[in-house]
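Colleague: Could you walk me through the terms you use for this one? I would like to see how each label follows from its cut-off.

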Amino acid sequence: MASLKFPYEIKTVTEEEDKVIKKYYKDYVKPFIRVGPSGHISMAGYGDDAAAIYNLEVRPDDVWVTSYSRSGTTWIQELVWLVSNNLDFETARSVSIVKRFAYIEYPTQKPEIREDGHGATFEDFRTLPNVTSPRYVKSHLPLSLLPPKLLDTAKVFYIARDPRDVAVSHFFAHKLFRYFDDNVQFKEFWDLFRKDLILHTPIFPHVKEAWDKRENPNLMFLFYEEMQNDLRAVIDRVCKFLNKEYTDEQKQQLAEYLNFNNMKKKPMIETKQEDKEITFFRKGKSGNWVQYFDEEMTKQAEEFMEKNLKETDMRFPEVGSK
Ligand code: A3P
């Protein structure tokens, strides 16, 4: 198959940005890169494989779950996998989700000088062609960086979450994945996040891109907040989208399986951290960001949201409003 040219510009961050980034991301030797018109921030390694990922062959029976990091990806992955696999709770319990889904760009996102990794996947873009169907695929890349035929070929999920909750969750994840030292404060992270200097930023173009495609019959766009408000309704939507039928009782069982406290019992990453927030299944709440923002940051967050919501009809649902 002829390979497509990767259509976006890839450039390194500016010298000034690199200085700030390296102050925090201590292990990174190569400057981060910005990809495409939104300036999506990635580790340098992604640049080498962007075209290979863009050229991946998609199969009609693939199921892809995509999102901005820390938006509830694992939650919807588990839901989607169980609905697709006759509610096989036994396998879901015994085989980690990182073995059931290929995490496409994972190998491009590892620090150059650290080789231990954190075991977030067993398959990735390099091994995907050898994975037997049906394949379950996860990516945190914006849709435009994934194969252009994706939405014409396979079923795709995109989950979005209020950026303020994402920022808090991603802050703790930065410590969990040892990107940042333990002494970095949330205020510092937030400053970098709103200035698009954190990995995967900017968040709004990532989400809006998927929102604009939500009418595509192969895309199911959903919000983390919808899962919080009415998980049972989301289960119904996913079943319909995947053409699967289950009884009410089975769906109820599924909702219980997906309950935060149940999912938290099976750790994604073993951690010896004393800080209880430095864990994969941290709080599992919506609107909890208010506890981490002081007055000044709340004002900045308001401006950040207002500015980015101006030119879209997308709104993050309030939690508690069914
Ligand atoms: P918090 O850090 O706010 O707790 P991702 O899977 O995209 O990395 O997202 C992780 C976030 O989803 C974490 O948010 C995690 O706790 C939350 N999450 C995972 N499973 C969940 C569940 N069953 N119910 C509610 N939230 C869940």
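Modeller: Happy to; what follows goes through one strand, the ligand and one aromatic pair.
This is a predicted model, where local features need pLDDT of at least 70 and side-chain atom pairs count only at pLDDT 80 or more, while totals for chains, interfaces and linings use all residues. Residues are numbered from 1 along each chain as its sequence is written, and side-chain values use heavy atoms, with hydrogens and water left out.

Colleague: What makes β4 a mostly covered strand?

Modeller: A strand here is a DSSP run of E with at least two residues, numbered from the N terminus, and a helix is a run of H or I with at least four. β4 spans residues 63-67, and five of its five residues are buried. Buried means under 20% relative accessible area, exposed over 50% and partly exposed in between, with a 1.4 Å probe and protein chains only.

Colleague: Which way do the residues of β4 point?

Modeller: V63, V65 and S67 point one way, W64 and T66 the other way, and all are buried. In a regular strand the side chains alternate between the two faces of the sheet.

Colleague: How do you know that β4 pairs with β6 and β7?

Modeller: Two strands pair if DSSP finds at least two bridges between them. β4 has four bridges to β6 (residues 136-139) and five to β7 (residues 155-160), so both meet the rule. The strands run parallel in the β6 pairing and in the β7 pairing. V63 stands opposite Y136 in β6, and V65 has F157 as its bridge partner in β7.

Colleague: Why is T73 to the ligand called a polar contact?

Modeller: The rule asks for a pair of N or O atoms within 3.5 Å; within protein, one must be able to donate a hydrogen and the other to accept it, and residues adjacent in sequence count only if both atoms are side-chain atoms. A polar side-chain atom of T73 is 2.4 Å from a ligand oxygen atom, so the pair qualifies. A polar side-chain atom of Y224 also lies 2.8 Å from a nitrogen atom of the ligand.

Colleague: And why are Y103 and Y106 called tilted?

Modeller: Phe, Tyr and Trp rings (the six-membered one for Trp) pair if their centres lie within 6.5 Å; planes under 30 degrees apart count as stacked, over 60 as edge-to-face and the rest as tilted. Y103 and Y106 are 5.4 Å centre to centre with 35 degrees between the planes, so they are a tilted pair. Both are buried.
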